[in-house]
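Reader: I would like a close look at one part of this model, namely the side chains that pair with one another through rings or charges. Please take them in turn and add how much of each is open to the outside.

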Amino acid sequence: MRIAGRKVTLKSVAIYAIVIAVTLIMLMPFAWMLSASLKLSRDVFAFPIEWIPSEPQWHNYVDIWTKIPLALFIYNTSKLTIIVTLLQLLTSSFAAYAFAKLNFPYKNTLFLGYIATIAMPWQVYMVPQFLLMREFGLNNTHLALICLQAFTAFGVFLMRQFYMSIPTELCEAARIDGMNEYQIWARIMLPLSKPALSTLTIFTFVTTWNDFLGPMIYLTKTELKTVQIGLRMFISQYSAEYGLIMAASVVALIPVLVVFLSLQRFFVEGIASTGLKG
């Protein structure tokens with residue numbers, strides 16, 4: 001079969017059909033969340049599902065700002081996410097440059113040991129971290145979460161793999177021209193690593209924005225809570241306002257979508273390029 005001068009095979013049709021089916025399945029929970037955000041709590045789990053509510057409860061999107069201090073929670077989450085993302089971009093790209101382009105004793109051993117920490121679940125060392133932050137007097141502060149998340153082995157690995165694909169001759173030529181290592185990193189490596197930086201930005205932003213366990217452990221004061229913890233305030237001892245929870249979840253999802261859509265053109269390129277060299 002030919003369409004517009006192109007030969008269409010049964011195999012390609014089947015592949016597109018599978019891709020579309022998987023995409024619809026992946027989008028179904030988001031469609032249900034959006035639908036539930038416009039319903040009363042008693043109608044959220046009604047079956048069969050009413051995907052388009054007959055009486056949309058638009059006031060849910062008004063009530064979420066008055067029932068809990070949602071604006072404050074979004075501000076706290078935004079502050080933490082932006083600071084942590086910027087710090088991880090700085091520390092990861094800086095350390096990755098050293099591991100990729102500089103020569104010093106035990107470089108590969110140190111890198112292997114640092115990357116090995118990725119295999120250790122956070123639950124293993126979250127108690128020692130909590131005790132350490134308590135000794136420093138950082139409990140109930142955003143600074144505790146910032147300090148704990150300012151460095152990431154995954155970010156160093158991602159950036160180092162990308163830097164390995166940049167010719168070393170560029171750094172050598174810059175050194176001959178009189179640049180020091182800080183100038184080479186800032187003026188050559190960073191501008192060339194936009195795809196990797198964009199990829200790391202997406203991963204870090206989404207992880208920090210959706211973090212639940214960290215803020216729950218370190219933040220108990222209402223004025224310090226993040227949006228993920230704040231959503232639990234819609235759940236009381238005997239009931240839960242699921243319509244409001246879904247409406248607030250839709251609002252909380254918007255910044256993640258904005259960041260991803262803004263950087264998506266670099267995302268695939270960054271993921272592909274970080275696997276060129278080992």
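Author: What follows goes through the aromatic rings, then the charged pairs, then one serine and the cysteines. The model is a predicted one, and the values below are computed from its atoms.

I begin with the rings. A pair of aromatic rings is described by the distance of the centres and the angle of the planes. The count of aromatic pairs comes to nine. One of them joins Phe94 and Tyr182, whose ring centres lie 5.8 Å apart with 20 degrees between the planes, and this pair is stacked. Phe94 belongs to helix H3 (residues 70–101) and Tyr182 to helix H9 (residues 181–192), so the pair ties together parts that are 88 residues apart in sequence. The two partners can also be described by their accessibility: Phe94 has a relative accessibility of 37% and counts as partly exposed, whereas Tyr182, at 57%, counts as exposed.

Helix H3 also contributes Phe99 to a pair with Phe111, which lies in helix H4 (residues 107–116), so this pair ties together parts that are twelve residues apart in sequence. The ring centres of Phe99 and Phe111 are 5.2 Å apart and their planes stand at 55 degrees, so the pair is tilted; the angle is not over 60 degrees, the cut-off for edge-to-face. Both Phe99 and Phe111 are buried. Phe111 has a charged partner as well, for Arg160 lies over the face of its ring at 4.4 Å from the ring centre. Elsewhere, Trp32, Phe45 and Tyr242 form one aromatic cluster.

The charged pairs come next. Side chains of opposite charge can pair when their charged atoms come close. The structure holds two salt bridges. In one of them, Glu241 pairs with Lys67, and the closest N and O atoms are 3.2 Å apart. Glu241 sits in the loop between helix H12 (227–230) and helix H13 (242–273), while Lys67 is in helix H2 (residues 60–67), so the salt bridge ties together parts that are 174 residues apart in sequence. Glu241 has a relative accessible area of 29% and is partly exposed, and Lys67, at 47% relative accessibility, counts as partly exposed.

The other salt bridge is formed by Glu181 with Arg175, and here the closest N and O atoms are 2.7 Å apart. Glu181 counts as partly exposed at 26% relative accessibility, and Arg175 is partly exposed with a relative accessible area of 29%.

To return to helix H3, Ser93 has its place there, and at 1% relative accessibility this serine counts as buried. Its side chain reaches the backbone oxygen of Leu89 at 2.6 Å. When neighbours within four places in sequence are left aside, Ser93 is in contact with Gln88, Met159, Tyr163, Trp185, Leu190 and Leu197.

The cysteines close the account. A search of the whole structure finds zero disulfides. Cys147 is partly exposed, with a relative accessible area of 39%, whereas Cys171 is buried, with a relative accessible area of 0%.

Definitions and conventions: Residues numbered from 1 in each chain as written. Predicted model: local features only at pLDDT ≥ 70, side-chain atom pairs only at ≥ 80, totals over all residues. Heavy atoms only, no water. Phe/Tyr/Trp six-rings, centres within 6.5 Å; stacked < 30°, edge-to-face > 60°. Helix = DSSP H or I, 4+ residues; strand = E, 2+ residues; numbered from the N terminus. Buried < 20%, exposed > 50% of the residue type's maximum accessible area, 1.4 Å probe, protein only. Lys NZ or Arg CZ within 6 Å of the ring centre and 35° of its normal. Salt bridge = Lys/Arg side-chain N within 4 Å of Asp/Glu carboxyl O. Polar contact = N/O pair within 3.5 Å; in protein donor to acceptor, adjacent residues only side chain to side chain. Contact = heavy atoms within 4.5 Å. Disulfide = S-S within 2.5 Å.
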